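I opened this model to look up a few contacts, helices and cysteines, and I note below what I found.

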Amino acid sequence: MTMAPRRPNRTRVRHNEAMGAMDLDEMRHLRRARDRMDREYAQPLDVSALARTALMSTAHFSRRFRDAYGETPYSYLMTRRIERATALLRRGDMSVTEVCFEVGCTSLGSFSARFTEIVGETPSAYRARDHHELEVVPGCEVMVVTRPRRSARRSSSFGEASAAALAVGSNP
């Protein structure tokens, strides 16, 4: 009597019915790519390189990243870059152009447009503003207080996949 080969017991994470279930291995691969964006935000990263990090095709990676984190990989990366740019601009010792290139952007116009969209003011206005009130706040708190926020209609790019959207269960 021969036995059928065993299938690996994979825990499924159910996000929502439209998306289907995502297994934990896939979430780990997505997290690996997201962590790479967090670490290497100043490097020239493109979606295909990130997809290779996640061991997925480019299209599949983009779809699944958006399903898991509520925004595209490019949008997430740009938000990381803007977050770092706000810290550099608060210091006041670098020009907007220098900050743009320091955080990995290659176009000052695109950087300024995205910065304004996320932060709500131009990089020059942000740099010129007085940030002395933050000098007495611990660095970890400054990061939370000054973190760029997306509008309410979009998910935050700073958390894990939405806790409300996740329900751990077994295969359907």
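**Leucine 55 and its surroundings**

I began with leucine 55, which, leaving aside its neighbours within four places in sequence, is in contact with His29 and Arg32, contact meaning heavy atoms within 4.5 Å. The model is a predicted one, in which local features need pLDDT of at least 70 and side-chain atom pairs count only at pLDDT 80 or more, while totals for chains, interfaces and linings use all residues. Residues are numbered from 1 along each chain as its sequence is written, and side-chain values use heavy atoms, with hydrogens and water left out.

I placed leucine 55 in the loop between α2 and α3, where helices are DSSP runs (H or I, at least four residues) numbered from the N terminus. Leucine 55 is exposed, at a relative accessible area of 61%; by the cut-offs, buried means under 20%, exposed over 50%, and partly exposed in between, with a 1.4 Å probe and protein chains only. From leucine 55 to arginine 32 I noted 9.7 Å, C-alpha to C-alpha, across 23 residues of sequence.

**The core and its helices**

I next looked up the largest nonpolar core, a set of buried Ala, Val, Leu, Ile, Met, Phe, Trp, Tyr and Cys residues joined through side-chain atoms within 4.5 Å. It has 32 residues, of which Leu30, Phe61, Val99, Val103 and Phe111 touch the most other members. The helices α1, α2, α3, α4, α5 and α6 each supply at least two residues, and α4 gives the most, with seven. Not counting residues up to four places away in sequence, phenylalanine 61 touches residues including Leu30, Ala33, Val47 and Pro73.

For α4 I noted that 14 of its 19 residues are buried, so this helix is largely enclosed by the rest of the structure. Just after α4, glycine 92 takes a positive phi of about 80°. In α1, the buried residues are Glu26, Met27, Leu30, Ala33, Arg34, Arg36 and Met37.

**The cysteines**

Which disulfides does a search of the whole structure find? The search returned zero, a disulfide being a pair of cysteine sulfur atoms within 2.5 Å. For cysteine 100, the nearest cysteine sulfur is that of cysteine 105, 5.0 Å away, and this is too far for a bond. Cysteine 100 counts as buried at 0% relative accessibility, and cysteine 105 is also buried, with a relative accessible area of 6%.
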